[in-house]
Amino acid sequence: MPAKEKINPRAQSPLATFIAAATGWAITRPIDSMNCFPALLAIALVTGRLLAQDAAPSPGYHIPTLDLSNETKRQVVVDREAGQYLGHPSTVLLEDGRTMLIVYPKGHGRGAIVYKRSADGGLTWSERLPTPESWATSKETPTIHRVVDAAGIRRLIVWSGLYPARLAVSEDDGVAWSELQPAGDWGGIVVMGFVAPLKTGAGNYLAMFHDDGRFFTAQPNAQKPPVFTLYKTFSKDGGLTWSTPEAIFASSDVNLCEPGVVRSPDGKQLAVLLRENARRKNSHVIFSNDEGKTWTAPRELPGALTGDRHVAKYAPDGRLFISFRDTTLKSPTRGDWVAWVGRYEDIVAGREGQYRVRLMHNTQSADCAYPGVEVLPDGTIVTTTYGHWTAGEPPYIVSVRLRLEELDAKAPR
């Protein structure tokens, strides 16, 4: 029908009115039972539109996957020990753009914390450095973060989880460290998934973690089926002390955990990507427009962003590089160490993004990829994690180095 014809109001029947409202078409003549095709088409369009709005995200993805797993020139072995499980690293890049620090446990998610330093942006690494005695008692995955207080004093903090969550501090860029000390009468799992600076004031930070009832209090309170609770906690003194954690979301239907944060390019919004541990749905995302005070209800992400322990950083061109363990329900790289490249707007809109990257092939189930991601001043991305990179041997720590323009050259056009 000509879109520019004027509608004759006297020709409008209820059916014609419905079609016009549903499709935006200009109805210029009556519709009756002998001319019902437009009605059928309108109903089909409306039905399809509603189904598209209500449909769950795909368990798979359609964007291309670039494979770097055999490009050994990109790989740097950070640490490896015969017969010893080395896993779950966390990294931080200092302000000089060259000094990189890493912590990781001798064991699966628990064990003595190993500490190393690189002076050349992760190309080479020191021997294992001395650590305080209490670091040998770490019960869980350690994480390392840069924090700055209101007076501009820079510190580093290392978290160690379970009960009680403990914290160590360095005031000289990691040369010397305090012992691990309880942060409060509480604990949790993967404390902290992130520590993010807030715009509410200098020295203000938000951190998140999760618990399934076993470690939040001194006495376990696990339920059947397990209830996963996502917690937030705030610091107003540059990360030295932290508020009593507050629950954001709790459910036994979806087990949301291991939060990873990214701030919107305009700085006004925080998005937190979440692992779905029940493996029934895709990963999820929540948003805050008030610096972490309130959060939206969790929403499923596309299959392209489904994984464990998301860590996101912006490349110089404004695109996001997000590293994680691939747990996509339908994926040829399931269980491997992968990354996603796209834009923040893709996350907001529920789009799949630009492409995925297989960083390394993991030879044993899905035991890999609690990654660190750092972006050097020249745009080189240094992403670091553990995995079973050699069949039949314990996992060890490896970095992969890349630039997005190198990946773009490999991507289908």
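**Strand pairing in a predicted model**

Student: Is strand E21 (residues 355-360) of this predicted model largely enclosed or open to the outside, given how many of its residues are buried?

Tutor: Buried here means under 20% relative accessible area. In strand E21, 6 of the 6 residues are buried, so the strand is, with respect to the rest of the structure, largely enclosed.

Student: Which residue of E21 stands opposite Thr 65?

Tutor: Strand E1 (residues 65-67) runs parallel to E21, and 3 bridges join the two. Within this pairing, the residue of E21 opposite Thr 65 is Arg 356.

Student: Which residue in E21 is the bridge partner of Trp 340?

Tutor: Strand E20 (residues 337-342) pairs with E21 over 5 bridges, in the antiparallel sense. The bridge partner of Trp 340 in E21 is Arg 356.

Student: Which strands stand at the edges of the sheet E10-E11-E12-E13?

Tutor: This open sheet is formed by 4 strands in the order E10-E11-E12-E13, with antiparallel pairing. Each edge strand has a single partner strand, so one side of each is left without a neighbour in the sheet; these are strand E10 (189-197) and strand E13 (246-251).

Student: By what angle are neighbouring strands of this sheet turned against each other on average?

Tutor: The sheet in question is the open one with the order E10-E11-E12-E13. With direction ignored, the average turn between its neighbouring strands is 20°.

Student: Which residue in E13 is the bridge partner of Tyr 231?

Tutor: Strand E12 (residues 228-235) pairs with E13 in the antiparallel sense, over 5 bridges. In E13, Tyr 231 has as its bridge partner Ala 247.

Terms used:
Residues are numbered from 1 along each chain as its sequence is written. This is a predicted model: local features need pLDDT of at least 70, side-chain atom pairs count only at pLDDT 80 or more; totals for chains, interfaces and linings use all residues. Side-chain values use heavy atoms; hydrogens and water are left out. Buried means under 20% relative accessible area, exposed over 50%, partly exposed in between (1.4 Å probe, protein chains only). Two strands pair if DSSP finds at least two bridges between them. Axes are lines fitted to C-alpha atoms, for helices over the stretch in contact, and angles run from 0 to 180 degrees between N-to-C directions.
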